[in-house]
Amino acid sequence: MNGNHALRNGILWGLGFALMIAALYMVFVYVPTEKHTGIIQRIFYFHVPVAWVSFLAFFVTFIGSILYLWKRQEKWDAVACASAEVGVVFTTLVLITGPIWAKPVWGIWWTWDARLTTSLVLWLIYVAYLLVRSLATEPEKGARYGAVIGIVGFIDVPVVFLTVNLWRTQHPTTIIFEGGLTTPMLMTLMVCIAAFTVLYVLLVIRSAGLKTMEAEIRRLRIMKAE
Amino acid sequence: MNKDIPNSSIRAVEARGLEKTFGEQRALRGVDLTVSRGECLVIFGPNGAGKTTLLKILSTLVKPSAGSVRLDGIDIRDKPAQIRRRISLVGNQTFLYDNLTVYENLKFYGKMYDVADLENRIREVISWVGLESRLHDRAGTLSRGMQQRASFARAVIHDPSILFLDEPDVGLDPHASAMVSDILGNINSGSRTVVMTTHNLERGVELGDSIAILDRGKVVYQASREELSKADFRQIYDRYTETGR
Amino acid sequence: MNKAFTKIFVIFWKDMLMEFRTREIIISVLVFALLVLVIFSFAFGTGIDVTEMTAPGILWVALTFGGVIGLSRTFAVEKENSRLEGLMLCPVDRAVIYWGKLAGSFTFMLAVAVVVTPIFLALFNLPIFLPRLALVIVLALTGFAAVGTLFSALAVNTRARDIMLPILFLPVVVPVIVSAVKATAPVLAGAPWGDMLTWLQIMIAFDIIYLVAATLVFEFVVEE
């Protein structure tokens with residue numbers, strides 16, 4: 001790893017650490033408790049950034065997949081796959097924090113709301129993505145199939161969202177806050193989103209680097225076998 | 001279509017530095033091959049030498065990890081459709097649909113290749129392989145040997161100028177296997193370029209204008225028929241395929 | 001262009017001819033779909049009050065699961081004896097192979113739907129002749145075939161191929177399933193066109209998006 005990379009990673013780690021501490025402070029100390037829903041509302045500062053990151057992750061997978069099929073460079077596949085892995089983890093967190101928030105506020109664990117349902121469908125699609133990669137007969141085939149699913153799966157997002165939204169129109173729309181977001185709440189949310197985005201970037205760089213290294217090890221093993 | 005015969009000095013098959021890696025396994029490790037027009041190249045090699053992979057790459061089915069292939073002077077990446085019209089492959093699988101008759105199979109493939117005057121062409125190729133009496137039987141009901149003959153008929157339905165044969169006599173009894181050679185004589189009246197892999201040293205040496213040995217993904221020996229006497233070839237083969245094991 | 005259509009038809013006709021001989025896909029899918037229909041009717045009951053709520057859902061569960069079974073055969077038959085290689089050797093664009101196989105899959109699913117739907121309508125004491133339902137079925141099955149043909153070609157090249165197709169296929173066609181159910185309900189209730197228009201539009205959009213996308217990426221699935 002050259003100096004540039006080390007410097008960039010150092011800056012990212014430092015930034016991520018500072019943002020995370022700031023986010024924790026703001027969520028638990030700085031921001032006032034929302035008066036209608038109480039203390040549970042603070043999970044919002046975790047839930048929303050995680051949801052944002054999972055959509056970002058699948059978008060990156062989509063772009064990485066297109067670039068891989070076009071340029072046939074392994075690095076794009078490594079990015080696409082790493083991003084999908086992080087995306088699945090974050091979507092899982094969305095699907096866990098959503099119900100934790102929903103139960104005390106609405107009295108129900110699950111609502112077939114457009115955002116939650118789209119997250120669930122996305123989770124299913126990208127779990128299938130990871131499954132196909134691990135069940136392909138060769139890594140190169142796995143990369144190619146993964147790229148196809150990464151593209152075909154992502155273009156489903158707007159259609160699923162639209163469909164579920166229309167499907168549920170007869171139900172009362174979910175109200176998050178009666179008064180909208182106050183300035184401290186908005187600032188806390190922004191810091192949290194920034195913190196989780198940096199965390200996402202770090203995880204993808206790490207994971208993609210690992211994959212590139214794995215590929216390198218495979219190549220070395222082949223050479224050694226000669 | 002495409003019956004324009006390019007300059008005859010152009011090689012029928014020209015492969016440069018072919019490499020193919022499957023996962024952690026290197027099937028081909030830099031193969032160079034040239035075959036002149038109308039020539040028959042026979043490739044020998046032990047199991048796992050990369051013979052099938054090589055033929056699949058030459059016939060556009062598999063993309064090489066590195067290297068290039070030119071058939072009749074055209075790079076196979078440039079005009080795949082034009083290349084595919086000129087070539088054919090007989091594998092150890094017949095590519096026939098068991099539930100269709102031999103005739104229906106030939107008609108299907110003939111139409112896929114836009115063969116003109118298809119009915120007559122089917123009659124012609126079926127007589128070459130001697131299957132006239134079974135033309136309207138389902139391919140699945142034929143014996144292995146007959147299926148292989150039908151597979152030859154399928155392979156030449158569009159009059160390819162280059163024919164790839166991947167162990168065409170494997171799994172056949174000696175009688176059927178001898179028939180394969182006769183058929184090859186019938187369908188190949190000297191105008192077609194043939195690249196063939198086989199285990200059968202005697203027959204291979206008889207058929208080939210030139211001979212190559214592929215071992216562990218590399219061409220380890222190459223000679224024309226004039227350069228080699230049949231008696232020695234067994235020894236040569238053993239020597240080249242044993243070294244380094 | 002004309003030639004491409006001819007080739008698509010040649011592949012399609014080959015699949016039809018094989019199906020005439022064996023009837024293995026249509027018969028097995030048909031029996032399976034009918035079983036789903038019957039089992040769901042037992043599970044939910046068939047009283048007048050329930051029918052309105054559950055009938056469209058039951059029909060589409062039967063057609064969806066039957067469709068998956070049929071689609072998994074599409075490329076399984078080409079994979080046996082490496083026939084796909086024979087097809088890949090042909091001098092045609094890979095998209096032609098996709099459309100040829102798609103036409104076959106669509107026709108098989110339609111044939112099953114043509115038998116299953118009237119039986120379903122009879123079982124639930126609904127009017128048998130519903131031309132608007134035919135439109136819903138055609139649009140939904142087009143979406144199924146567009147996605148399913150692509151994933152079927154992909155799934156046959158993985159280990160655990162039998163389970164891979166439904167795992168890939170079902171989440172992606174969620175919009176089609178939802179729209180088909182929603183568009184079927186007003187037809188069964190005799191409600192006006194307006195009630196189903198949105199859902200038809202979604203299905204048309206889905207069909208177009210996936211036919212185009214799959215045509216573009218299909219070659220990456222079948223190449224070696």
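Mentor: Two residues are in contact if their C-beta atoms, placed from the backbone, lie within 7 Å. The structure discussed here is a predicted model.

Trainee: Leaving aside its neighbours within four places in sequence, with which residues is C:Leu34 in contact?

Mentor: C:Leu34 is found in helix α2 (residues 24-44) of chain C. The C-alpha atoms of C:Leu34 and C:Ala113 are separated by 10 Å, although their positions lie 79 residues apart along the chain when one is counted from the other. Once the neighbours within four places in sequence are set aside, the contacts of C:Leu34 are C:Val116 and C:Ile119.

Trainee: Does C:Leu34 count as buried, exposed or partly exposed, and why?

Mentor: A residue is buried if 20 or more other C-beta atoms lie within 10 Å of its own, and exposed if 12 or fewer do. C:Leu34 has 18 C-beta neighbours inside 10 Å, and therefore it counts as partly exposed.

Trainee: How does A:Ala82 count, buried or exposed?

Mentor: A:Ala82 lies in helix α3 (residues 74-106) of chain A. The threshold for a buried residue is 20 or more other C-beta atoms within 10 Å. Because A:Ala82 has 24 C-beta neighbours inside 10 Å, it counts as buried.

Trainee: Which residues does A:Ala82 touch, not counting residues up to four places away in sequence?

Mentor: A:Ile125 stands 43 residues from A:Ala82 in sequence, with 15 Å between their C-alpha atoms. When residues up to four places away in sequence are not counted, A:Ala82 touches A:Val204, A:Ser207, A:Ala208 and A:Lys211.

Trainee: What distance does α3(A) reach from its first C-alpha to its last?

Mentor: Helix α3(A) has 33 residues, and 48 Å is expected at 1.5 Å a residue. Just after this helix comes A:Gly107, with a positive phi near 80°. From first C-alpha to last, the reach of α3(A) is close to the expected value, at 46 Å.

Trainee: Which element gives the most to the side of chain A that touches chain C?

Mentor: The contact takes 27 residues from chain A and 25 residues from chain C. On the side of chain A, two or more residues come from each of α4 (114-135), α5 (139-154) and α6 (156-167). With nine residues, the element that gives the most is α5(A).

Trainee: By class, how is the side of chain A that touches chain C made up?

Mentor: The side of chain A that touches chain C has three polar residues and three charged residues. The nonpolar residues on this side number 21.

Trainee: In the contact of chain B with chain A, how many residues does each chain give?

Mentor: On the side of chain B that touches chain A, one residue is nonpolar, two are polar and two are charged. The contact takes five residues from chain B, and from chain A also five.

Trainee: Which residues touch the most other members of the largest nonpolar core?

Mentor: This core holds 197 residues. Helix α6 (residues 131-155) of chain C gives the most to the core, with 15 residues. C:Val147 is in contact with C:Phe169, C:Val172, C:Val173, C:Tyr210 and C:Ala214, leaving aside its neighbours within four places in sequence. The residues that touch the most other members are B:Ala153, C:Val147 and C:Leu168.

Trainee: In what order do the four strands of the open sheet in chain B stand?

Mentor: Strands β1(B) and β4(B) run antiparallel and are joined by five bridges, with B:Val13 opposite B:Leu71 in β4(B). Eight bridges join β1(B) to β2(B), and B:Lys20 stands opposite B:Leu28 in β2(B). The edge strands, each pairing on one side only, are β2 (25-35) and β5 (74-75) of chain B. The pairing is antiparallel and the order is β2-β1-β4-β5.

Trainee: Which residue takes a positive phi in the hairpin of β1(B) and β2(B)?

Mentor: This hairpin has two residues between the strands. The residue with a positive phi, near 60°, is B:Gly23.

Trainee: Among the elements of chain C, which has the highest mean pLDDT?

Mentor: The mean pLDDT of chain C is 91, and 98% of its residues reach 70 or more. The lowest mean among the elements of chain C, 87, belongs to helix α3 (residues 48-79), while the highest, 95, belongs to α6(C).

Conventions:
Residues are numbered from 1 along each chain as its sequence is written. Chains are lettered from A and ligands numbered from 1 in the order in which they are written. This is a predicted model: local features need pLDDT of at least 70, side-chain atom pairs count only at pLDDT 80 or more; totals for chains, interfaces and linings use all residues. Ala, Val, Leu, Ile, Met, Phe, Trp, Tyr, Cys and Pro count as nonpolar, Asp, Glu, Lys and Arg as charged, and the others, Gly among them, as polar. A nonpolar core is a set of buried Ala, Val, Leu, Ile, Met, Phe, Trp, Tyr and Cys residues joined through C-beta atoms within 7 Å. pLDDT is the predictor's confidence in each residue, from 0 to 100. The expected span of a helix is 1.5 Å times one less than its number of residues. Two strands pair if DSSP finds at least two bridges between them.
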